[in-house]
Amino acid sequence: MVKYFCCAGLLKSSWDQVCVAFWQRYPNPYSNHVLTEDILFREVTPSNCLISRRLLTKTSRAPRWMERYLPKHMASSAYIIEDSIVDPQTRTMTTLTWNISHARLMSVEERCEYCINPENGSWTEIKREAWISSNVYGLSRAIQEFGLARFKTSVTKTMKGFEYVLAKMQGETPSRTLAETATERARETALAAKEKAKGLASHAQKKQYV
């Protein structure tokens, strides 16, 4: 069984500004859990669409009852694949993300579409869908509920992070001061995570671009 979730968000900035902010949104005070981001593939199609694939390394602390199902060295980190396509003709950006670590325990797939708000051409609308599943016998429902709750919290932080980056781009004072995003220990952790992620990425399940 799969847990499905959908929602819509609104950013009071133009589609062009949001697309630029999308590539500049890390770091921000709401994304300290994002350790690294690496471009694995990028191409401009004959129709001028920009297709990209990125690997994101994030901290992902599991609850204690779930930790016993994870290897000790993987219990606090997660590796995410993000596919995106930016279409300047239709003025849409579509992203598809999914986890390549802990996938047997819990799989989270998210699809987002960024488009011009029909009521105000200067604003951007985000349509978000998510599918959360687990195959752990006897615990799948509890794991899915945990995944859904964490996903909803993540959406709130994502929107706040977007607003923060957009405010800085537009020369405004963000509502929150940008905190230091890495201590020496965090940098070492990120470097180690990147090396592990490269190996995992090479075994990632192939998916078609959205």
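A residue is called buried here when its relative accessible area is under 20%, exposed when that area is over 50%, and partly exposed in between, with a 1.4 Å probe and protein chains only. By this criterion, buried residues account for 44% of the 210 residues in the chain. The model is a predicted one, in which local features need pLDDT of at least 70 and side-chain atom pairs count only at pLDDT 80 or more, while totals for chains, interfaces and linings use all residues. Residues are numbered from 1 along each chain as its sequence is written, and side-chain values use heavy atoms, with hydrogens and water left out.

The chain contains 4 helices and 7 strands; helices (H or I, at least four residues) and strands (E, at least two) are DSSP runs, numbered from the N terminus. Along the sequence these elements follow the pattern β-α-β-β-α-β-β-β-β-α-α. A contact is taken as heavy atoms within 4.5 Å. Among the contacts between residues at least 6 apart in sequence, 61% join residues at least 24 apart. The chain exposes about 12,200 Å², and carbon and sulfur atoms supply 51% of that area; accessible areas come from the Shrake-Rupley method with a 1.4 Å probe, and for residues only the protein chains shown count as cover.

We turn next to the sheet. Two strands are said to pair if DSSP finds at least two bridges between them. The 7 strands form an open sheet in the order E1-E7-E6-E5-E4-E3-E2, with antiparallel pairing. E1 and E2 (34-44) stand at the edges with a single partner strand each, so one side of each is left without a neighbour in the sheet. Neighbouring strands of this sheet are turned by 15° against each other on average, direction ignored; axes are lines fitted to C-alpha atoms, for helices over the stretch in contact, and angles run from 0 to 180 degrees between N-to-C directions.

At one edge, E2 pairs with E3 (residues 50-59) in the antiparallel sense over 9 bridges, and Asp-38 stands opposite Leu-55 in E3. Helix H1 (residues 15-24) packs on the sheet and touches E1, E2, E3, E4 (77-87), E5 (92-99), E6 and E7, its direction making about 150° with that of E4. H3 also packs on the sheet, touching E1, E6 and E7, and its direction makes about 15° with that of E1.

Towards the other edge, E1 (residues 2-11) and E7 (residues 124-133) run antiparallel and are joined by 10 bridges. E7 is likewise joined to E6 (residues 107-116) by 10 bridges, again antiparallel. Ala-130 of E7 illustrates both pairings: Phe-5 stands opposite Ala-130, and Ala-130 is also the bridge partner of Glu-110.

Helix H3 invites a check of its length. The expected span of a helix is 1.5 Å times one less than its number of residues. For the 30 residues of H3 (residues 140-169) this gives 44 Å, and the end C-alpha atoms are 42 Å apart, which agrees. Just after H3, Gly-171 takes a positive phi of about 80°.

Charged side chains also occupy buried positions in the sheet. Arg-54, in strand E3, is buried with a relative accessible area of 4%. A polar contact is a pair of N or O atoms within 3.5 Å; within protein, one must be able to donate a hydrogen and the other to accept it, and residues adjacent in sequence count only if both atoms are side-chain atoms. The side chain of Arg-54 makes such contacts with the side chains of Glu-37 (2.5 Å) and Glu-82 (2.8 Å). Leaving aside residues up to four places away in sequence, Arg-54 touches several others, including Phe-22, Trp-23, Tyr-26 and Ile-80. Asp-83, placed in strand E4, is buried at 0% relative accessibility, and a polar contact of 2.7 Å joins its side chain to that of Arg-53.

The loops hold some backbone features worth a look. Between H1 and E2 lies Pro-27, and the peptide bond from Tyr-26 to Pro-27 is cis, with omega near 0°. Asn-48, in the loop between E2 and E3, has a positive phi near 70° although it is not a glycine, and counts as exposed at 51% relative accessibility. His-102, in the loop between E5 and E6, is another residue other than glycine with a positive phi, of about 60°; His-102 is buried, with a relative accessible area of 17%.
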